[in-house]
Amino acid sequence: MTTFNPIMADGQADFSFPEPILIERDAARKVAPYITSIGRAKVLIVADAITSGIVGERLCESLDAIGIKAVILRITPNRSGDVVADEASIVQALLDIQRHGVDLLVAAGSGTIHDIVRYAGYTAGVPFLSVPTAPSVDGFTSLSAPILIRGQKITVPAIGPLAIFADLDILCAAPRNMVAAGFGDMLGKYTSLFDWHYGRDTAGEPYDAKAAEMTEQALLVSVHHVEEIGRRSEEGIYTLTKALIDSGLAMLMFGQSHPASGAEHHLSHYWEMAFLQAGRRQLLHGAKVGVACAEISELYHRYADSGRPLSAYNREQLNRIPSPDAIRALLRIAGGPSTIEELGIEHGLLESSLKEAHLIRMNRHTLLRTINE
């Protein structure tokens, strides 16, 4: 079990972290007793066709056994066969919330399921629990949700989970590509932290040293354990899961996604929207972020090496970003794609994203934005 006691800059916490946060074997068995303890009576378990079999049905049975009414909602894939957090999935969740009159949601899945649940719960005024099925993203605790509206990705206010039950038996059995995606999402903090420093230095963007340190420590411990993560050992999966949750809690503490989302995420979102518009199957978020991190590293180091203007402080921060080759080597050890070719991104799409992805979040002053403007 992980324990956190965050304090804001003024000495007062103005938010609540999930409680408890369990990262342990058989954590899923503790969901039903917890729901009883908080007095909930009607539960909607939101999953997809795969995660329903992994944990959703088991949760439903355990709740039924103690007299709590539970229903499973399996989110319908889109025409390409992907479950996505779009208007159709969100309405599907909202309709079941209304139909069954539930007072609690359970997100049984990874990033997309959590995004659907956190926004549907926010809209309907119903809290939720997190039961992740793969250590693939750092957004389990997020207070916002990236959703697709008519093929365009926007970020909207949402709710975080009351508690997290990360079952190591389930997480250790997650597919290797999803574990590698979680590592890729963590590796992206190399460039997101730089962009956060850069935005503070050049545009006065809000900054919090504690959130930055928390994110950096989560990044470094992931890199230190990359071989265990690649082997999917229990130690590696525990370390990655805790790092992903820590990264999410740093964003929660700061109140925005600056610590963990910079130009590498903007490239990832750009690619996602391009694939959706072309009707292509989606790529794992963290896989895109990891490869995008290598591409941004190459662009940023090339910019600095060309003698373009950077303050001494920003040059120092840039030197903390590993070379693109070093980033790709780490991605390979973790078992994920390390190049755009392996990912399935064409060079034309890469070039257009490097020129236009900063437009996705014009309130962020990344070095990518500076290069293009």
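**Why is it called that?**

Mentor: Let's begin with D26, which sits in the loop between β1 and α1 (31-37). Names like these go to DSSP runs, numbered from the N terminus: helices are H or I over at least four residues, strands E over at least two. The model is predicted, so local features need pLDDT of at least 70 and side-chain atom pairs pLDDT 80 or more, while totals for chains, interfaces and linings use all residues. Residues are numbered from 1 along each chain as its sequence is written, and side-chain values use heavy atoms, leaving out hydrogens and water.

Trainee: Why does D26 count as partly exposed?

Mentor: Its relative accessibility is 37%. Buried means under 20% relative accessible area and exposed over 50%, with partly exposed in between (1.4 Å probe, protein chains only). So D26, at 37%, lands in the middle class.

Trainee: And what is the sign of phi at D26?

Mentor: Positive, about 65 degrees, even though D26 is not a glycine. Most residues other than glycine have a negative phi, and most peptide bonds are trans. R150, also not a glycine, has a positive phi too, about 50 degrees. You'll find R150 in the loop between β6 (144-149) and β7 (152-157).

Trainee: Why does R150 count as exposed?

Mentor: Its relative accessibility is 77%, and that is over 50%, so exposed is the word.

Trainee: Which peptide bond is cis?

Mentor: The one from E19 to P20, with omega near 5 degrees. P20 belongs to the segment before β1 (21-24).

Trainee: On to helices. At what angle do α11 and α12 cross?

Mentor: Helix α11 (residues 263-277) and helix α12 (residues 285-305) cross at roughly 125 degrees, and their axes come within 8 Å. That makes α11 oblique to α12. The axes are lines fitted to C-alpha atoms over the stretch in contact, and angles run from 0 to 180 degrees between N-to-C directions.

Trainee: What makes α11 oblique to α12?

Mentor: Check the classes: under 35 degrees is roughly parallel, over 145 roughly antiparallel, 65 to 115 roughly perpendicular, and the rest oblique. The 125 degrees fits none of the named ranges, so oblique remains. The crossing of α11 and α12 is also right-handed: clockwise is the turn of the near helix from the far one, by less than a right angle, and anticlockwise would be left-handed.

Trainee: Which residues of α11 and α12 meet?

Mentor: From α11 they include H265, L267, H269 and W271, and from α12 they include H285, V289, I296 and Y300. The residues of this contact divide into nine nonpolar, four polar and four charged. Contact here means heavy atoms within 4.5 Å.

Trainee: What else does H269 touch?

Mentor: Leaving aside neighbours within four places in sequence, H269 is in contact with K153, H285 and I360. At 12% relative accessibility, under the 20% limit, H269 is buried.

Trainee: And H301 in α12, why is that buried?

Mentor: Its relative accessible area is 18%, which is under 20%, so buried applies. Beyond residues up to four places away in sequence, H301 touches L318, I321, P322 and S323. D305 is found in α12 as well, but at 68% relative accessibility D305 counts as exposed.

Trainee: How do α6 and α8 pack?

Mentor: Helix α6 (residues 176-187) and helix α8 (residues 209-224) pack at about 135 degrees, with axes 9 Å apart. That makes α6 oblique to α8. Their crossing is left-handed. F183, M186 and L187 of α6 meet A218, L219, S222 and V223 of α8. This contact has six nonpolar, one polar and no charged residues.

Trainee: What makes two rings an aromatic pair?

Mentor: Rings of Phe, Tyr and Trp (its six-membered ring) pair if their centres lie within 6.5 Å; planes under 30 degrees apart are stacked, over 60 edge-to-face and the rest tilted. By this rule there are six aromatic pairs. One of them joins W196 and F254, with 4.9 Å centre to centre and 65 degrees between the planes. The 65 degrees is over 60, so this pair is edge-to-face. The pair links distant parts of the chain, 58 residues apart: W196 in helix α7 (residues 189-203) and F254 in helix α10 (residues 234-254).

Trainee: Are W196 and F254 buried or exposed?

Mentor: W196 is buried at 1% relative accessible area, and F254 is buried at 14%.

Conventions: Ala, Val, Leu, Ile, Met, Phe, Trp, Tyr, Cys and Pro count as nonpolar, Asp, Glu, Lys and Arg as charged, and the others, Gly among them, as polar.
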